[in-house]
Amino acid sequence: IKKIGVLTSGGDSPGMNTAIRAVVRACSYYNIQCIGIKEGYHGLINNDMSELGPRSVKHIINRGGTFLKTARSQEFRTPEGRKKAFENFKLNELDALVVIGGDGSFTGASVFHKEFEVPFIGIPGTIDNDIFGTDATIGYDTALNTVIEAIDRIRDSATSHNRVFFVEVMGRDAGFIALNSGIASGAQDILIPEKKDSLEELLQTLERSQQAGKNSSIIVVAEGEELGNVYDLAKATQKKFPEYDIRVTVLGHIQRGGSPTCQDRVLASRLGVAAVEAILEGKSNLMAGLRSNKVVYTPIEEAIKKHNQIDEELIKVAKILAI
Ligand code: ATP
């Protein structure tokens, strides 16, 4: 192994820069070249890449986003697109890839590996925390902290006006951000796709909280909630309780940005080094992750197919504390 390509793909997440930095510097430490590929698979298809040295990644450890940029490449989903990508892989004399992204990016890398035997190691970079094989994905902790800071502010307004706030948070089909931020911000109810929620239950919860003397509430709703979107839920609640002053806040993309937390920086640094070391040991088709504070490698198919499971204990804690 003499030359490794690194790319970020799919949705951006805070800490991706930190991971790139770690990959680049680990390559330098082990005396191999590192090539930064722009805009995910797009850059591989269009031969948009350049060498990165340890100094070219200075001052990015604390910067959100990804300086290599990320993209969703439709062309890479086609055999012709992947053929072009492989031609550039060869042209640049790359020996392996480090792919920083979510399950879609890993699926792409896996297909590419099957077709052209391109060795690769995945690093989980997504705020959603929906990937199996790691206790946390890069960006998740930062997103959680952004969400609780925002909900704390919303709480100030909710209590001042006796309002019920419905707050939608990101997470795609997963409820990790909603459940954990909901507990951390003292939400009255948390609606996530992993548990069967009902409108009746939500309304009962609100009624109970009113009877218990609470005059403001925060309901955290995961974007993937199956019961309905945040506006429909607010409308249905308003219908039942016309006297409520209800507001909706969709936190949106602020959850993707910002300086990564210490936890995300350490995670990204460890996984970046682990990915390079795995490639040097001849490993491939694996995802580097952290479980119980130890680096572990999970077969990429498992990382893609098995999803992280919501902890039932957390659901119980949320329920108990909303009394
Ligand atoms: P996030 O979860 O943060 O959105 P992601 O990595 O899951 O990140 P996707 O948009 O699903 O994001 O995937 C990123 C890219 O991976 C796609 O734009 C595409 O180029 C490639 N990709 C995904 N699935 C496939 C596939 N089945 N075959 C080839 N390439 C794929």
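Helices in these legends are DSSP runs of H or I with at least four residues, strands are DSSP runs of E with at least two, and both are numbered from the N terminus. Helix 7, for example, spans residues 199-211 and contains T205. The views show a predicted model.

**Figure 1. Confidence of the predicted model.** The protein has a mean pLDDT of 96. A pLDDT of 70 or more is reached by 100% of its residues. The scores of the model are 0.95 for ipTM and 0.96 for pTM.

**Figure 2. The shell of residues around the ligand.** The ligand is surrounded by 18 residues, of which G10, G11, G102, G104 and G108 come nearest. The greatest contribution to the shell is that of helix 4 (residues 103-116), which supplies six residues. Sorted by class, 11 residues of the shell are polar, four are charged and three are nonpolar. Glycine is counted among the polar residues in this division.

**Figure 3. The packing of helix 1 against helix 9.** Two packed helices are described by the angle between their axes and the distance between the axes. For helix 1 (residues 16-29) and helix 9 (residues 262-280), the axes come within 7 Å and cross at roughly 35 degrees. This crossing of helix 1 and helix 9 is right-handed. Helix 1 contributes T18, A19, A22, V23, A26 and C27 to the contact. From helix 9, they are met by R265, A268, S269, L271, G272, V273, A275 and V276. The contact of helix 1 with helix 9 comprises 10 nonpolar, three polar and one charged residues.

**Figure 4. The crossing of helix 6 and helix 11.** The axes of helix 6 (residues 176-184) and helix 11 (residues 312-321) come within 10 Å, and the angle at which they cross is roughly 35 degrees. The crossing of helix 6 and helix 11 is left-handed. On the side of helix 6 the contact is formed by L179, G182 and I183, and on the side of helix 11 by L314, I315, V317 and A318. Six residues of this contact between helix 6 and helix 11 are nonpolar and one is polar, with no charged residue.

**Figure 5. Positive phi at N31 and N47.** Most residues other than glycine have a negative phi, and most peptide bonds are trans. N31, although not a glycine, has a positive phi of about 60 degrees. N31 belongs to the loop between helix 1 and strand 2 (33-37). N31 is exposed because 7 other C-beta atoms lie within 10 Å, and the limit for the exposed class is 12 or fewer. In N47, also a residue other than glycine, phi is positive and near 55 degrees. N47 is placed in the loop between helix 2 and strand 3. With 15 C-beta neighbours inside 10 Å, N47 is partly exposed.

**Figure 6. D48 in the loop between helix 2 and strand 3.** This loop joins helix 2 (41-45) and strand 3 (49-51). D48 has 15 C-beta neighbours inside 10 Å and therefore counts as partly exposed. When neighbours within four places in sequence are left aside, D48 is in contact with K38, E39 and G43. K90 is 42 residues from D48 along the chain, and their C-alpha atoms are separated by 14 Å.

**Figure 7. The loop positions of T78 and E226.** T78 occupies the loop between strand 3 and helix 3 (79-91). T78 has 12 C-beta neighbours inside 10 Å and so counts as exposed. Between T78 and E201 the separation is 123 residues in sequence and 46 Å in space, taken from C-alpha to C-alpha. E226 is found in the loop between strand 8 (217-222) and helix 8 (230-240). E226 is partly exposed, as 13 other C-beta atoms lie within 10 Å. The C-alpha atoms of E226 and P193 are separated by 5.6 Å, and the two residues are 33 residues apart along the chain.

**Figure 8. T205 in helix 7.** T205 counts as partly exposed because there are 16 C-beta neighbours inside 10 Å; this class lies between the exposed limit of 12 or fewer and the buried limit of 20 or more. Not counting residues up to four places away in sequence, T205 touches Q188 and D189. T205 and Q188 are 17 residues apart in sequence, with a C-alpha to C-alpha distance of 7.7 Å.

Notes. Residues are numbered from 1 along each chain as its sequence is written. This is a predicted model: local features need pLDDT of at least 70, side-chain atom pairs count only at pLDDT 80 or more; totals for chains, interfaces and linings use all residues. Axes are lines fitted to C-alpha atoms, for helices over the stretch in contact, and angles run from 0 to 180 degrees between N-to-C directions. A crossing is left-handed if the near helix is turned anticlockwise from the far one by less than a right angle, and right-handed if clockwise. Two residues are in contact if their C-beta atoms, placed from the backbone, lie within 7 Å. A residue is near a molecule or strand if its C-beta atom, placed from the backbone, lies within 6 Å of it. pLDDT is the predictor's confidence in each residue, from 0 to 100.
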